[in-house]
Amino acid sequence: MAFITINQDNFYYNLKQIALKIGSLDKIAIVLKDNAYGHGLEIMAKMASDFGIKHSVVHNYSEAIKIKHLFKTTLILGGEVIPIKRCSYVINSISHLDEIPENIKIELKFDTGMHRNGIKINEIEEALSKIDNNNLNLVGLMTHHRSSDELTSEFFWQEKQFDEIKKFIKNKGFDSLRVHSCNSSATLRKKFITDDIVRVGISAYGYNELPKAFNPIKLKPVMKLYAKKVSSRIIQKGQRVGYGADFIALHDITVSTYDIGYGDGWCRGDSLKSYITPDGFKILGRVSMDLITLDSDQEEVCIVSNAQESAKQFNTISYEILTALSSNIIRYLL
Ligand SMILES: *Cc1c(COP(=O)(O)O)cnc(C)c1O
């Protein structure tokens, strides 16, 4: 069976780099959404909590109930709002404030320029009166950057908008709210973090997505993906491999199938631009649902050792490679 290894030392190394950068371990909120970026929600939550991380961020209620006992706070980014202790929900639109039960802890997300989700700046007063009328418990203010990993001034412009919102709301008498705005790239990029927490995902899993000139902090990938050999054969010059017979042997070679495919969340890609594994083996022909064929006869082959590198081959990003991996693949903690 294909399997994933999780390197605890590397995870802790990354958390330490982030803590050193922001000057505090207590300010880290580990983003565990989407099965902890494919690493395994419960394994990563437990390790983060053992390391001393106090705050977490998840995608929805069903993720929150599995891990909330490990953290002081858990922020739930979306989905149905169901009362749950120690957790707060992100409010993504003004109408959302009329749809949720009383006394729920909420954090207002402001649209400072990403124009994806969030309350608009001219809706602040309306939002505050809805919170009052509907007896909701406002505990935080947040925003999200659209281009923290790009060399533009947009980042600072969004920051300025958020500063004004914070000032306005605090002046209304809300003075014990936590504020947060930084994802990994913003956290690694900024000189001083004045926010109460940072929401870090990809950096904790080992990837610095900033252009190199920006921030040279080196992080270590936490996950590796391996597949096991199913069968081997020698194919002769001119014989073809797999569906659609896309691969033609130019000489006699040994090929083997390995037990990972698009059904496991591995990218099907383009058989004419073959994926090369970290050890230099090549996927021959098309990826099947549960199998690939490689020019190897090793018992076990590493398929991904650095998701950023793998992503380049598919013209995508590390996030997509990682989160796509099925939760059915067994995860071993190293
Ligand atoms: C996913 C997410 C993050 C984490 O982003 P990274 O780039 O992985 O650090 C932070 N904040 C919000 C709102 C998110 O959805």
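This report describes the surroundings of the ligand and the aromatic pairs in a predicted model.

## The ligand and its shell

In this predicted model, the space that the ligand takes up is the largest pocket. The residues around the ligand are Val31, Lys33, Tyr37, Leu77, His144, Asn183, Ser184, Arg199, Val200, Gly201, Ile202 and Tyr319. Sorted by class, this shell is made up of six nonpolar, four polar and two charged residues.

Where secondary structure is concerned, α2 (33–37) and β9 (198–200) each contribute at least two residues to the shell around the ligand.

## Polar contacts and cover

Lys33, one of the residues around the ligand, has a side-chain N or O atom that is 2.6 Å from an oxygen atom of the ligand. Arg199 approaches a nitrogen atom of the ligand, with a polar atom of the Arg199 side chain at 2.8 Å, whereas Gly201 uses its backbone, where a polar atom is 2.9 Å from an oxygen atom of the ligand. On its own the ligand has 390 Å² of accessible area, and the protein covers 93% of that area.

## Aromatic pairs

Turning from the ligand to the aromatic rings, the structure holds ten aromatic pairs, and one of them is formed by Phe3 and Tyr226. The centres of these two rings are 5.0 Å apart and their planes meet at 10°, and because planes under 30 degrees apart count as stacked, the pair is a stacked one.

The same pair of Phe3 and Tyr226 links distant parts of the chain, since Phe3 belongs to strand β1 (residues 3–6) and Tyr226 to strand β10 (residues 223–235), with their positions 223 residues apart in the numbering.

Definitions and conventions: Residues numbered from 1 in each chain as written. Predicted model: local features only at pLDDT ≥ 70, side-chain atom pairs only at ≥ 80, totals over all residues. Heavy atoms only, no water. Near = heavy atom within 4 Å. Polar contact = N/O pair within 3.5 Å; in protein donor to acceptor, adjacent residues only side chain to side chain. Areas by Shrake-Rupley, 256 points an atom, 1.4 Å probe, with all protein chains shown as cover. 1 Å grid on protein atoms, 1.4 Å probe; cavity = no way out; pocket = protein on both sides within 12 Å on 5 of 7 lines; lining within 4 Å. Sits in = over half its atoms within 2 Å of the grid points. Helix = DSSP H or I, 4+ residues; strand = E, 2+ residues; numbered from the N terminus. Nonpolar A, V, L, I, M, F, W, Y, C, P; charged D, E, K, R; others polar. Phe/Tyr/Trp six-rings, centres within 6.5 Å; stacked < 30°, edge-to-face > 60°.
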